[in-house]
Amino acid sequence: MKAFVCVEGVAVPFEQRNVDTDQIVPGRFLKRDRALGYGAVLFHDLRFTEQGEEIAEFVLNQPAYRDATILVTGENFGCGSSREAAVYALADYGIRAVIAPSFGDIFHNNCLKNGILPVCLPEHLVSQIGEALRTQQYHSVVVDLENQQVRLPDGTAYPFHVDAFWRTCLLQGMDELELTLSHQDSISNFEDNYYQRYPWAKL
């Protein structure tokens, strides 16, 4: 998993509420080979016509936002089914952080497990950021996990909270398994001492 410390990049305003995982990646693409990447099917039915042509009005198809790494969106983003492919699509497209007032619970956890930082900010602040991006007052945003801040080009900083365990995982670029294995020496020492005291437990 790619470490997340501080990301500065183009932020795209997509201020839709209740965007479910089927909108993020339609169900017919769920059998897609992971090795091929899911970035091409992110928001597929919103980005493309039935003939496969880009819909010019869709925000990710606009030149200013094609290289976005931060998504600013509405409440309850990622609701609906638990499909992890929705997070794959965001990650493979290049999205490193999603800023929203709230997230679907499973989607939120899937983001953390795949190196995407879900940032919760009050709805009025998300709306302010989205409006500034939409009117092109600025294009880039800084998401600083180390200091737990979203910073705007004018110097404004908004604090956010991330669970301490997941903050450590993201900063170190490790999922739960990798983080556990990083303590292999301590685990082995514990096992050796435990089995010396309780040899019958090893049977």
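Buried here means under 20% relative accessible area. Keep that cut-off in mind for the views below, all of a predicted model.

**Figure 1. The whole chain, before we zoom in.** The chain has eight helices and seven strands. Its C-alpha atoms fill a box of roughly 70 × 45 × 25 Å along the principal axes. Of the 203 residues in the chain, 41% are buried. Take the contacts between residues at least 6 apart in sequence: 64% of them join residues at least 24 apart.

**Figure 2. Helix 4 and what sits on top of its buried residues.** Helix 4 spans 105–113, and its buried residues are Phe107, Asn110, Cys111 and Leu112. The cover over these residues includes helix 1 (21–24), helix 3, strand 4 and helix 6 (164–172). Zoom in on Phe107 and, leaving aside residues up to four places away in sequence, you find it touching Thr21, Ile24, Phe77, Gly78, Ala86, Val87 and Leu90. After helix 4 comes Gly115, with a positive phi near 80 degrees.

**Figure 3. The largest nonpolar core and its neighbour.** This core counts 29 residues, and the ones with the most contacts inside it are Ile24, Phe43, Leu71, Phe77, Leu90 and Phe107. Strand 1, helix 3 (85–93), strand 3 (97–100) and helix 4 are the elements that give it two or more residues. Helix 3 makes the largest contribution, with five residues. There is also a second, separate core of 28 residues, including Ile70, Val119, Tyr138 and Leu170.

**Figure 4. Strand 1 and two of its partners.** Strand 1 covers residues 6–14 and runs antiparallel to strand 5 (residues 140–144), with five bridges joining the two. On that side, look for Val7 standing opposite Val143. Strand 2 (residues 70–73) runs parallel to strand 1, and four bridges hold this pairing. Here Pro13 is the residue to find, opposite Val72 in strand 2.

**Figure 5. From strand 3 over helix 4 to strand 4.** Strand 3 and strand 4 (residues 117–120) run parallel and share four bridges. One landmark is Ala97, whose bridge partner in strand 4 is Leu117. Between the two strands the chain passes through helix 4, making a β-α-β crossover that is right-handed.

**Figure 6. Two residues with an unusual sign of phi.** Most residues other than glycine have a negative phi. Asn18 goes the other way, with a positive phi near 55 degrees, and lies in the loop between strand 1 and helix 1. Phe43 also has a positive phi, near 50 degrees, and belongs to the loop between helix 1 and helix 2 (44–47). Which of the exposure classes does each one fall into? Asn18 has 41% relative accessibility, so it counts as partly exposed. Phe43 is buried, because its relative accessible area is 1%. Phe43 is also among the residues with the most contacts inside the largest nonpolar core.

**Figure 7. Edge-to-face rings at Phe165 and Trp166.** The structure holds eleven aromatic pairs. In the one shown here, the ring centres of Phe165 and Trp166 are 5.2 Å apart and the planes stand at 75 degrees, so the pair is edge-to-face. The angle decides it because planes over 60 degrees apart count as edge-to-face. How exposed is each partner, buried or partly exposed? Phe165, at 38% relative accessibility, is partly exposed, whereas Trp166, at 11%, is buried.

**Figure 8. Tyr194, Tyr195 and the ring cluster around them.** The rings of Tyr194 and Tyr195 also form an edge-to-face pair, because their planes are at 75 degrees, with the centres 5.8 Å apart. Tyr194 is partly exposed at 32% relative accessibility, and Tyr195 is partly exposed too, with a relative accessible area of 29%. Pan out a little for the rest of the group: ring pairs link Phe190, Tyr194, Tyr195, Tyr198 and Trp200 into a cluster.

**Figure 9. A charge over a ring.** Here an arginine meets a tyrosine: Arg34 lies over the face of Tyr88, and the distance to the ring centre is 3.9 Å. Tyr88 falls within the span of helix 3 (85–93).

Note on methods:
Residues are numbered from 1 along each chain as its sequence is written. This is a predicted model: local features need pLDDT of at least 70, side-chain atom pairs count only at pLDDT 80 or more; totals for chains, interfaces and linings use all residues. Side-chain values use heavy atoms; hydrogens and water are left out. Rings of Phe, Tyr and Trp (its six-membered ring) pair if their centres lie within 6.5 Å; planes under 30 degrees apart count as stacked, over 60 as edge-to-face and the rest as tilted. Buried means under 20% relative accessible area, exposed over 50%, partly exposed in between (1.4 Å probe, protein chains only). A charge sits over a ring if NZ of Lys or CZ of Arg is within 6 Å of the ring centre and within 35 degrees of the ring normal. Two strands pair if DSSP finds at least two bridges between them. A nonpolar core is a set of buried Ala, Val, Leu, Ile, Met, Phe, Trp, Tyr and Cys residues joined through side-chain atoms within 4.5 Å. Contact means heavy atoms within 4.5 Å. A crossover is right-handed if, with the strands pointing away from the viewer, the path from the first strand over the helix to the second runs clockwise.
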